[in-house]
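Hi everyone, thanks for making time. I'd like to walk you through one structure today, mostly the way its helices pack.

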Amino acid sequence: MNPFWENELVQTAAYYSVVVLCGFLFLAIFELVTKYKNWDEIKKGNIAVAMATGGKIFGIANIFRYSIEQHNSLMEMIGWGLYGFTLLLLGYFIFEFLTPRFKIDEEIQQNNRAVGFISMVISIGLSYVIGASIGI
């Protein structure tokens, strides 16, 4: 293999670039599945949306952290990161399903900080479980 691609600085830049791009893509997917516009709500000062979105960002980054640690190639890291994101997204739908007394999206959009906080903690918590199981 070309020594240029084996350089740690080049590999770090590659992983960083890919994770940032995947992060934007995955946040766009989260934006599609929520009933509100994340960045519009954050601009308005909606703390609940900011917490829920922050949890998603942390969750995505944490899953990729584990994926980078466990895999030696960029493609494997991307594949496991995508799989981990899919599980995180599934966790979001399960959270919505398990709370039939109210709609998570509506509560977060109405700036219910308690629901935003729980959403954040669920995303962060699941990212640790998902990450720890990647590539076992």
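Before we look at any pair, one bit of vocabulary: a crossing is called right-handed if the near helix is turned clockwise from the far one by less than a right angle, and left-handed if anticlockwise. Keep that in your pocket for a minute.

So, what's on screen is a predicted model. The protein chain has seven helices and zero strands, so to speak an α-α-α-α-α-α-α pattern when you read along the sequence. Its C-alpha atoms fill a box of roughly 55 × 30 × 20 Å along the principal axes.

Let's start with α4, residues 47–70. How far apart should the ends of its 24 residues be, at 1.5 Å a residue? The expected span is 34 Å, and the end C-alpha atoms are indeed 34 Å apart, which agrees. At the N-terminal end of α4 there's a cap: asparagine 46 puts a side-chain oxygen 3.1 Å from the backbone nitrogen of alanine 48.

Now, who packs against α4? Take α2 to begin with. The angle between α2 and α4 is about 140 degrees, with the axes 10 Å apart. Antiparallel starts over 145 degrees, so this pair is oblique. And here's where the vocabulary pays off: the α2 and α4 crossing is right-handed. On the α2 side you've got Tyr15, Val19, Cys22, Gly23, Phe26, Leu27 and Phe30, and they meet Lys56, Ile57, Ile60, Phe64 and Ile68 of α4. By class, that contact is ten nonpolar, one polar and one charged.

The other partner I want to show for α4 is α7, residues 113–133. Here the angle is about 5 degrees and the axes sit 7 Å apart, so the two are roughly parallel. The residues that meet include Gly55 and Gly59 from α4, and Gly116, Ser123 and Gly131 from α7. This contact counts 13 nonpolar, eight polar and two charged residues.

Last pair: back to α2, residues 8–33, this time with α5, residues 74–97. They pack at about 25 degrees, axes 11 Å apart, which makes α2 roughly parallel to α5. The crossing is right-handed here, too. Among the residues making the contact are Phe26, Ile29 and Phe30 of α2, with Phe85, Leu88 and Tyr92 of α5. How does the contact of α2 with α5 divide by class? It has 17 nonpolar residues, one polar and no charged ones.

That's my tour; happy to rotate the view if anyone wants to look at a pair again.

Methods:
Residues are numbered from 1 along each chain as its sequence is written. This is a predicted model: local features need pLDDT of at least 70, side-chain atom pairs count only at pLDDT 80 or more; totals for chains, interfaces and linings use all residues. Side-chain values use heavy atoms; hydrogens and water are left out. Axes are lines fitted to C-alpha atoms, for helices over the stretch in contact, and angles run from 0 to 180 degrees between N-to-C directions. Helices (H or I, at least four residues) and strands (E, at least two) are DSSP runs, numbered from the N terminus. Angles under 35 degrees count as roughly parallel, over 145 as roughly antiparallel, 65 to 115 as roughly perpendicular and the rest as oblique. Contact means heavy atoms within 4.5 Å. Ala, Val, Leu, Ile, Met, Phe, Trp, Tyr, Cys and Pro count as nonpolar, Asp, Glu, Lys and Arg as charged, and the others, Gly among them, as polar. The expected span of a helix is 1.5 Å times one less than its number of residues. A polar contact is a pair of N or O atoms within 3.5 Å; within protein, one must be able to donate a hydrogen and the other to accept it, and residues adjacent in sequence count only if both atoms are side-chain atoms.
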